There are 2 protein chains.
Amino acid sequence: MPGERRAGPLRSAQDEAAPAAVAVDCNGADLGPAEVAAGALIAARQGARAILFGPARELRAAAEGCELVDAPLSIAKSSDPARAVRASPEASIVQAARAVAEGRAQSLVCAGGTGAALAAGLFNIKRTRGIYRPALALPLPVPGRPVTLLDVGANVEARREHLVQFAFMGAALARTVFGVDRPRVALLSNGEEAARGSPLVVEVHAELAQRTRTPLEAFEFIGNLEGDGLVGGVADVVVTDGFTGNVALKLMEGVSQRTLSAVRDAAMSSPRARLGGALLRGALRAFRDEVDHGRFTRAGFAQAILRAARGAREDIVGQTQQALQGAGALREAPMSVQVASLRHRR
Amino acid sequence: MPGERRAGPLRSAQDEAAPAAVAVDCNGADLGPAEVAAGALIAARQGARAILFGPARELRAAAEGCELVDAPLSIAKSSDPARAVRASPEASIVQAARAVAEGRAQSLVCAGGTGAALAAGLFNIKRTRGIYRPALALPLPVPGRPVTLLDVGANVEARREHLVQFAFMGAALARTVFGVDRPRVALLSNGEEAARGSPLVVEVHAELAQRTRTPLEAFEFIGNLEGDGLVGGVADVVVTDGFTGNVALKLMEGVSQRTLSAVRDAAMSSPRARLGGALLRGALRAFRDEVDHGRFTRAGFAQAILRAARGAREDIVGQTQQALQGAGALREAPMSVQVASLRHRR
């Protein structure tokens, strides 16, 4: 029922005639801002409109004709991102976030500096009404259909209601950005049974099971998943707290790199193995590219920009809020808390 | 100062003239009890004395001449291990644990059914004085020098003092069983700085840093380690709670299996790749064997028995307690708590 879909607050601020724009912070990339700009050019050829923030001279050389804002100051490597965001309104990530806040862009892509991006978003774009906490979601480096893990580090501690909301937020991401029709959402735990897990996980399981008792259009809750399930292809979205999610993400990267480098070592261990390795090289490269999605190259940035444009076009914010509202899982507005407390005083 | 080392309680119960015995529960193995018995025979040829518990006829055929106790009942697959242990004193794992409790054996190897082994140990052998909680420790499936991760699932919730003790317990395991002189012990977290991590991890970090300010003989505390550090070879022992540890362990197994099977698929993707794969096969098999240590075969069980014998011989229990006492990290005896509470009443 697209006619009934509520426009998200970001969407409503935009001119419906112009294509939505993606604000791209080009600073912080391992290969430099020009690589990001080159990615924006690729995305532009596929119909995404990007506004680039970074050192104008470098960007212009790499992406002639793209809209850009000269913002050479990078705070991507800051050890205290919240303070850096407050102290540096001219930093590229802060300017990019402001472009979204003011409706000049509808989504944000950042090439590096997750902490600064999170802080700039929180301070400038702010959370949508009814959302407790932001989460960091990431398509995992596994082959095949993407598995989105969240939270991978925004909240080292999470409460029940946060994790419940993350399930809806992750599902909306999988629907809008990855085109999964009715995402299968799981909860990361140390056992598959509903009663297994930390007290927090057991509580979240019970609440999600209860809220999805009437089948939701938004997603299917498939219960607990153990660590190996993250690569098993049985879930599209896996929910966990930011501590466990961060450990899991970095562990996956470490193990898959370690395994591939061991295969490389094996392929250097004898003349016979060396010949075998040379013959296998092409097939293995395809696998490696599929796994890391060329994340830090222009192709990766182009994909990120196209995904961000798609998320805004499909109204990820509005979809999240609508699903949370339908399930009664939105945070109550502070207003009603104030009213209640006033009443109490009388 | 070996003369000053306090004999552990298990050690003191044994006849010093006879070689220490390892109680081996042969039930619960994927390949059946005979595979475990075959492993015991290999270990026996290398000097380890094993007492086998399981179905006598199968065991005798596989390990002629080994001591054995007919205990066909297995509770390895029980969904409620604690209840099964209480209800089945004749089960093989319960009889094996009793053999240790009564001094007929000095250590325990169990072929399958971690939950039942943990419960049988807790009820029969019990914890050493001053230890809060048991932990499950496991050498990780990574190539090279073993990295011991604990806890991988005994405690889904852990308090500060539990994790502090796990550092000492893991270090004693690495010293006695793996022969690491002064183990490097790390704390699993979502960042390397001391201030990063959940509030629990930050507290544990501070206490371990304080207790190891005067360099310990027992181990070196090297601080926080992120997920990828588990395979980086920078630590010998990594401490975490049982929830995170279990997720990490299963994730590692899943990712390394997934990566190896993707390499296999790549090696079937074209005639050229197939030839390459055939030439590489031997070199890759060596890597795979190193990673999974042939855990579920007779070779794996032989190694487990030899390690258990070594742990008892090197007095792992006494070493753990001694190190904890030196650092002031033993749990206070319940007696003194009672005295204090009596005083309070007066």
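**Notebook: chains A and B**

I began with the contact between the two chains: chain B puts 45 residues into it, and chain A puts in 45 residues as well. I note here that this is a predicted model. On the chain B side I listed the residues losing the most area to chain A, which are F243(B), L251(B) and L279(B), together 16% of what that side buries.

I then looked up the area. Chain B and chain A bury about 4,000 Å² between them. Carbon and sulfur atoms carry 77% of that buried area.

Next I went through the polar terms. Two salt bridges cross the interface of chain B and chain A under the rule used. I looked at one salt bridge, that of E226(B) with K250(A), and found its closest N and O atoms 2.2 Å apart. The count of residue pairs in polar contact across the interface is four, with both residues at pLDDT 80 or more.

Which elements of chain B give two or more residues to the side that touches chain A? I find α8, α9 (242-266) and α10 (271-292) of chain B. The most comes from α9(B), with 17 residues. Sorted by class, this side of chain B has 26 nonpolar, 13 polar and six charged residues.

**Helix α8 of chain B**

I took α8(B) next, residues 199-211. The helix has 13 residues and spans 18 Å from first C-alpha to last, close to the 18 Å expected at 1.5 Å a residue. I recorded V201(B), V204(B), H205(B), E207(B) and L208(B) as buried in α8(B). What covers them includes an element of the other chain, α9 (242-266) of chain A. From chain B itself the cover includes α7 (160-176), β7 (184-188) and β8 (220-225).

**Helix α11 of chain B**

I ran the length check on α11(B), residues 298-313. With 16 residues, α11(B) reaches 22 Å, close to the 22 Å expected at 1.5 Å a residue. Its buried residues are G300(B), F301(B), A302(B), I305(B), A308(B), A309(B), G311(B) and A312(B). After α11(B) comes D315(B), and I noted its positive phi, near 60°.

**Two single residues**

Is N27(B) buried or exposed? I find N27(B) buried, because its relative accessible area is 6%, and buried means under 20%. N27(B) sits in the loop between β1 (21-25) and α2 (33-45) of chain B. A polar atom of the N27(B) side chain lies 3.2 Å from the backbone oxygen of A71(B). Beyond its neighbours within four places in sequence, N27(B) has contacts that include P33(B), F53(B), P72(B), S92(B) and G112(B).

I compared this with L118(B), which is in helix α6 (residues 114-125) of chain B. L118(B) has a relative accessible area of 24%, so I entered it as partly exposed. Not counting residues up to four places away in sequence, L118(B) touches P134(B), L136(B) and A154(B). I also took the C-alpha separation of L118(B) and L260(B), which is 32 Å, with their positions 142 residues apart along the chain.

**Chain A totals**

Last, I looked up chain A. Its secondary structure comes to 13 helices and nine strands. Of the 346 residues in chain A, 49% are buried. For contacts in chain A with a separation of 6 or more, residues 24 or more positions apart account for 70%.

Note on methods:
Residues numbered from 1 in each chain as written. Chains lettered and ligands numbered in written order. Heavy atoms only, no water. Helix = DSSP H or I, 4+ residues; strand = E, 2+ residues; numbered from the N terminus. Expected span 1.5 Å × (residues − 1). Buried < 20%, exposed > 50% of the residue type's maximum accessible area, 1.4 Å probe, protein only. Contact = heavy atoms within 4.5 Å. Buried area = accessible area lost by both parts, 1.4 Å probe. Salt bridge = Lys/Arg side-chain N within 4 Å of Asp/Glu carboxyl O. Polar contact = N/O pair within 3.5 Å; in protein donor to acceptor, adjacent residues only side chain to side chain. Nonpolar A, V, L, I, M, F, W, Y, C, P; charged D, E, K, R; others polar.
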